[in-house]
Structures are given as C-alpha cells and as structure tokens.
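Me: Please take a close look at one part of this structure for me: the empty space inside. Keep it relaxed, since I'm still in my first year.

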Amino acid sequence: MTGPIGFGGGLPLATVLIHQRSGTTCEAANGFCPNWIAHNFSRYETPLLQHVVLTVVSVAIGFGIAFALALLAHRRRWLAGPVTGVTGVLYTIPSLSFFFVLQPITGRGSLTAIVALVSYTLLIIFRNVTTGLAGVAPETRDAGRGLGLSDRQLLWKVELPLALPEIIAGVRVATTTTVGLATLAFFAGAGGLGAQINADPVFKSNVVVAGGLCVALAVVLDIVLLALQRAVTPWTRAVPTA
Amino acid sequence: MNRTTTQTGEAASAHEAATLELRSVTKRYPGADEDAIAELSLEVPAGDICVLVGPSGCGKTTAMRLVNRMISITSGDILLAGRSVTELRPAELRKRIGYVIQQIGLFPHRTIAQNIATVPRLLDWKKERTAARVRELLDLVSLPAEMADRYPAQLSGGQRQRVGVARALAADPPLMLMDEPFGAIDPITRERLQNEFLRLQSELRKTIVFVTHDIDEAIKMGDRIAVLRKGGVLAQYATPAELLMAPADDFVEDFVGADRALKRLALLRVRDVQLWRAPLVREGDSTAQAREQVRTSDLPYPLLVSEDGRPLGWLSEDDLVKGRVELPVDTAAEPVLDRDSVLRDALAELLERDTQYGPVVDQRGHVVGVLSLELISHFLASSDAIQADPADRVTDTPALS
Amino acid sequence: MDTGGANGMIGPLALLSQFNDAINFIFHSRDSVTGGVRIGGSHLLPMLARHVELSAVSLGVACALAIPLGLWLGHLGRGQLVAVSVSNVGRAVPSFALLAFFVAYLGTGFTNASFALILLAIPPILTNTYVGVRQVDREIVDAARGQGMTGWEIVRSAELPIALPLIFGGVRTSAVNVVATATIGPLIGVVTLGDPIINSSVYGSAGQLGASIMVAVLALLTEVIFAALQRAVTPKGLRLAAGASTSRRRFWTPKRRAYSTS
C-alpha cells in the first residue's frame, strides 16, 4: 500500500496513471470532465471489447454445458439434485477467490477468467432450462405422445420450444451477471472494463465512463436477448382475436 | 338462575338470524359505462337461504360482496337487522358476517384449529372459549377432532370446504355469505356437503346469501331464489316452486331450463301427491274379497300386507285361483316408497326397478297408498309447464339418475 | 498442463505445494514478504471479524429497509415496476463499479463501504419480498378480508408468514453477494479478508491463495446457514403444501414410462 494511486498496488499488473495530477484543471481535481471523456474515449475501446468477449464466450460455453446437463437431468431425474448442488457451490464461491484458487491450475489470463465466469452461469441456466421443461403442461406432453412423437421428437418439437421463454430468461440473467462479474476479471489478468476502473478509481470521469459502459453493455445484451426471445416465441404474444 | 337467563337471552339476541334488506342497491365501477348492479332490491327473511343465481357476469358475486362491503355501494343501502351496513367500519362488519368462498382461502401456514379460530382470535376471545368452540364446530361439520392439528394441505377438498364453513360459523354470525361454496368439489361430495349443510341449517337457522350459477343447486338450497340477468338486474325473486311454476319472463324460463317441470319433482315429496288407494288384503282373506277390493280401487292387483299393515307383495291372477290368500307370493312389493321422500327420488326408484307401482309407507312402515308412474305423469301434466308428452321426458332425464 | 509454464501453469506437485503453503498460511503466522510484519494464522482473525462485521451491518440495514418496503408495496399491489425492475438494474450495475463510484464520489471508509453494500443487498430482498407477498393466493387474502381482518392484520397473519420463505431466499442471495463483495473491502478502506488477496506484495501468493480459500469457505458457510434459516422460518403448513405438489409431480414419472414403452 505504498503508492497513492490505484487499489491494485500490490497486483502484478501495471497501474497506469490515466491523467496527470497537476494544475487546477477538472482532471487534476479528479472531477467529472466531459471534455476529458470526449478526448480519451478511445482508451476504453479495447477494455470494452475484452469485456464483450469475456462475457459472450463465457455465457456461450456456460449455456452449452448447462443445457446439456439439463437435458440429461430431464431424462434422468436423479441427476437434477447433484447437478444443482455442484453448480450451486460454484455459484456461491466469490469470483475473486475463484480467480486466485484457479490461478495455480490455469495460470493468469483469460482462461482463468473464463473458467470462473462459465461456472457462474451454470446454475442459472441449468435451473431455468429444467424449470422450463418441467413447466410444460402434462396434457401438452400427452397430446404429443398421443400423436405418435418419439421422446426425442417430443423434446425438440414440443418441450424445448415451450420452455424457450424460461430458457432465454435464464440466459439473460446469466449474461447480466457475467457482465458484472467480468469487471473483476482483471484480477485474473484478463483485462476488461474492471481493469480500467482499477487504473484510477478516484478519478470520477474514469469511474463513470467505465462503470457506465458496464451497465450499458449489460442493458444492450439484455435487450438483444429479449428481442431474440420475442422473435422465437411469437405464440406468447398471441392475443385471442374475437 | 336469573343470571343464566339473561346471559342466554343476550346471546340469543346477539346471534339470532337477522333479516337482510337490499334497498335500490346500485354499483357502478369507476370508468364503467354500465351498472354492475342496478337498483337491486330484495329482502331476505331471518333464517332463510336466499340464493343469487344467474349466468356468469350477471353480478351475483358482486351483489353478495356488497353486503359485507368487500365492494363499496355506489347508491342505495343494505340493512342488516334493520341497521345500515355502513354504520360499522368494514372490518367490524365483516367479523359479524360469515364468509365462505369457492376457493375457501384457508391459511396454508395455520392448522385447521387456528384457521377456524381466526375470527374468535380477532375478537380476542379467551383461549379456552376458542378451543371449546373449535371442538364444537369440528363436530358440527362432521370432522373428527384429530383434524384440529392438521394443515390444510393434508385435507381433501371436501374436508377443506367443511373447515371453510366452520371458520365462517366460528363467531356465530347472524348472516352468512357463501360464494359458490361447493363449486370446486366433485359431484358426489358436493351432493353430500349440500345435504349436510341443509341439515346444519335446519338446526342453526342462519340468514344465508348463497351465490351459484347452477340452477339445480339453487332450487335445492334456496328458500328463495333471486335470478339476476346481465347488469345486475333482478329478473325474478321467488320461492323455488314459484320460479318453476311461473317464470317471470323468457329469460328466467330459459335459465330455469326446459325441464323445469321435472325439477319441480325435486321440490315435492311423495306425500304432496294425491296417492292411489291400494286394494289391501291380508293373509287368510278370501280371494273373492280381494277381487272386490281390486274392482273398487285404482289398481289392477291387490297388495298383500302383514297384520300390522307392512307391504309383503303383489298378488297375481295365479295367487287368486285358490279360495284364500296364501303366502308366499311371487311378486315382491318393491320398491317401498317413503311418503317423506322426494318425489324425484321416488320416480327414480320406480324406474330403476322397472315397475309401474310402488306402495307408499308412513314412518311406521304402514301402507298409506300407492304411487305410480301414471300419477307422476299426471302430476307433471297438471302443472302449466308441460309442453310435450310427459312419458318422453321421464325417460330422457339424466337428472334422475 | 506442464507445458503451460510460460503463462503461469505448473505441474501437479508444485500445485499441491502451493495449496499446502496456502493452507499453512491460514493456520500459522509467518513474516510478511516485505519483512517486519507478522501475517497469516491468528493475524487473519481481525480481518475475518471485520469482514463479517461489514457484511452483517450492510445486510441488516438492507433488510430493515427492503423488507418493510416490499411488504408495503406488495400488500398494496403498487410499484410493481419499481420492485421488480430494481433487481434487474441491481444485476446490471457491477458491484465493483458501484464500489468504485462510491470511492470516487464519497471517499473510502467503513460507512461508505457499507452504503455500497447496502445498495447491493437491497434489490434481491426487495424484489423477493414484493413477489412473495404478491404470490399469496388472492383467495386467501380475500377470505382474510372477508373475515374482518384489517390491512395490517392481513400482512401480519397471512402475507408475511406465507411470503417468509421467499423473503429469506432474497436475504440469502444478498448475504452471499455481500460476503463476496466485502472481499474488495480493502479497496475502499476496510481491511477485510480481501486484504491478502489484493495486497499480494505483502502477503505473497500463499496469502493470496489462502485468503481466497477462506473467503470461499465463508461464502459457502453463509449460504448453508441462510439455507437452514430459510427452512426454519418456512411454516410447517407451507412445507406440507409444497411437499404435496412435489409428490404429485413425482406421481407422473412412472406414468411417463408407461407411455413411452407402449
């Protein structure tokens, strides 16, 4: 805790001064400076991109794993308990500890960050897929069987489409959560907007822009997923025509 | 001695059934173009069951909920025992009015005893008094005492409904409001609960407002029936018999149903019909005497009865070839009909046994006459409700099974 | 895995020794990397205490604010948009960004740290309380009203007890969140268990890993304790009702098999 700047003084990542702390300008007072933001916006582009990649890759991998587990658990009910238990533990471990516990195994960098972030999405997506599938009305399932659908056809043609809103809702929650957790990914050496915040956390302009970008990213991704959900589930908006 | 009299006197005055009077009650929801209830006036005598019936959306539930001010009145007034319901704060008023709804609304986190004790607890009754009342009520609604510590989730639908009724009765209210109380229950249990409730009511004599969409239930339960049409307009307010005999207009006639003549059978008892006189013979009577009996009676066969007048069987031509009437006879006198049983049930029994006649007995089992399909069809024909051949109607009614 | 040495990956033996060293750090004190100061072992206890203190205070205040507000809004059926979207917004604002925002605008210190954590803890509790009250069957509330219960009596004897499991679900989520986020407390001037993680130049990698393990255990403990609490506050009648519905669900499992074999 020797240096006056940056929280991550002891971290092996270089703490960069974002601006010169001299003079009587807005920047020197660590204020909120629109001018400074306008001129320095480009320095947030790379961290933002890193953040997007971390989030999208983690959610995509997490979805693949959780979805497969959920389908398995849908066939073999006894799996649901253990899977929920294990993913629940992963979900509970604070991301910060997770990054450091993983580091001896996966090293510093994006791999560690992604492994940790993936593990957080598992519980959310798994739970939503299984509740979505369980929420399909028994009579609908019955009708499907009565029409001669095989178990596999029933799953892909009836159960999964009907579970879609719930599934996508899970992905949405997982995505916004991951955007938030990825702000700590710099502890694992994976950069992202968190690194930018950490570079100068007392400079209001910096915190507002980097934090704001995090929120904006979460909101944009959420809207994209919401639009996707609406596009693929037209029947949920059907209104009886008189 | 003197004190006890006063006490019971007080208790009686507090809990005696009250008359309920609706005076030009109107309800219009804010922003609505039409009244939900329009100028509804009716009086329910103390101790009567008034059934509000009508198609869905006619405002029957709204009308009921105006009484305990779950919904506020737009204009008009409702008087309970001569006093306006607006005199009391809503919560106070509602503690004095029993309330039963279709979904029952038991508190899932409380035991049956705690559920029943809801109002006594609100009224700060002493623990012992509440406990005693809970036991009494469980017994009253035919639930075993050990149900007291169960939770609603452990009860069947029928049992929960009994708890609902017990809960509404807890503070012995002078008026009960019941909104389709048996609506969500299977037909067999519903029938049993209806009968039990009528038995209960014959003891308690509460004033009851009972909402249903089922005209058969209305006819069965109601002392008086108020038929409502859309917009909460009173179409007819009458006793079940009047309603069936003389529907006020096409709407009521339609609602009551084309088979209303048959429904009347549910309202009447065997004793209400002018029975046929039976040609009674006893063992040892001469067959000539028996033939003479048949000639002067309404029936082609003599009915053999025991010494004390109980029905034994019908005598056929073969039984009359000898000089004297002897036992046994070929044809049993079945079904034996109770003169107090409902005419509809008596008809059902005749049809079930595939027979034309049934001897009718009084409480001691003595034959008092004979009921026949012919008599019933005459009865149906005599009412002004008959448009078609009564025999056809009799065979195609599922209501009789 | 051995080939990953370049970016910090190490072999299994070295891996074991790293974890061994970390565990050792947790249970035995040693000199700091920079020298002169004793770290680890019993010296971790004040940090643990501070961590728990910060978490408990924040969670307590958040409960005191969010539960009454949620009950009130839920009972009246108002503010659905606020009560529900607050948790979406809460999720979208990263806790790290929120803390940084507090540092930038208000400075460091225990009070500011707990402000940030309170803000973090409120949304799940508020939303769950609101939803918990709203999901009480309308018939139950109607029956309660019809029997002459006042608004407060309905909240106290019906809505609150029936909503309790959900409310505690929210408290549980927030508790785990708060414990996790309190780890970055040293960045905002509160020396929690996150200190060895963040100041590895003083504590060394063993300290970093050891504290990480402690934080993980603390979070899991919090989860377990609150799960037990949640179970304990669930009225028996509700557990029975829930049991009835799961057993009904189980009921059609064999039926399904019968269908698929036919």
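**Inside the cavities**

Reply: Start with helix 8 of chain B, because this helix supplies 5 residues, the largest share of the lining of the largest cavity. Before going further, keep in mind that you're looking at a predicted model.

How many cavities of 30 Å³ or more does the structure hold? There are 5 of them. The largest has a volume of about 100 Å³. Find Leu140(B) and Val141(B) on your screen, then Gln161(B), Arg162(B) and Val165(B), and you've picked out part of its lining. Phe182(B) is in the lining too, and the list is completed by Leu193(B), Glu196(B), Phe197(B), Arg199(B) and Leu200(B). Two elements, helix 7 (157-169) and helix 8 (187-204) of chain B, each give two or more residues to that lining.

What kinds of residue are these? Sorted by class, the lining of the largest cavity has 7 nonpolar residues, 1 polar and 3 charged.

Now for the second largest cavity, which holds about 60 Å³ of space. Its lining is made of 13 residues, and the ones closest to its centre are Ile97(B), Gly98(B), Val119(B), Arg167(B) and Ala168(B). Helix 7 of chain B turns up again here: along with helix 3 (90-95) and strand 6 (97-101), this helix supplies at least two residues of the lining. Strand 6 of chain B gives the most, with 3 residues. By class, the lining of the second largest cavity divides into 7 nonpolar, 3 polar and 3 charged residues.

While you're on chain B, have a look at where chain C meets it. There, 24 residues of chain B are in contact with 22 residues of chain C. About 2,000 Å² of area is buried between these two chains, and 65% of that comes from carbon and sulfur atoms. On the chain C side, Asp142(C), Arg145(C) and Gln147(C) lose the most area to chain B, together making up 29% of what that side buries. Asp142(C) also forms a salt bridge with Arg65(B), where the closest N and O atoms are 2.7 Å apart. The count of salt bridges between chain C and chain B is 1.

Terms used:
Residues numbered from 1 in each chain as written. Chains lettered and ligands numbered in written order. Predicted model: local features only at pLDDT ≥ 70, side-chain atom pairs only at ≥ 80, totals over all residues. Heavy atoms only, no water. 1 Å grid on protein atoms, 1.4 Å probe; cavity = no way out; pocket = protein on both sides within 12 Å on 5 of 7 lines; lining within 4 Å. Points joined across faces, edges and corners; volume = space filled by probe spheres on them. Helix = DSSP H or I, 4+ residues; strand = E, 2+ residues; numbered from the N terminus. Nonpolar A, V, L, I, M, F, W, Y, C, P; charged D, E, K, R; others polar. Contact = heavy atoms within 4.5 Å. Buried area = accessible area lost by both parts, 1.4 Å probe. Salt bridge = Lys/Arg side-chain N within 4 Å of Asp/Glu carboxyl O.
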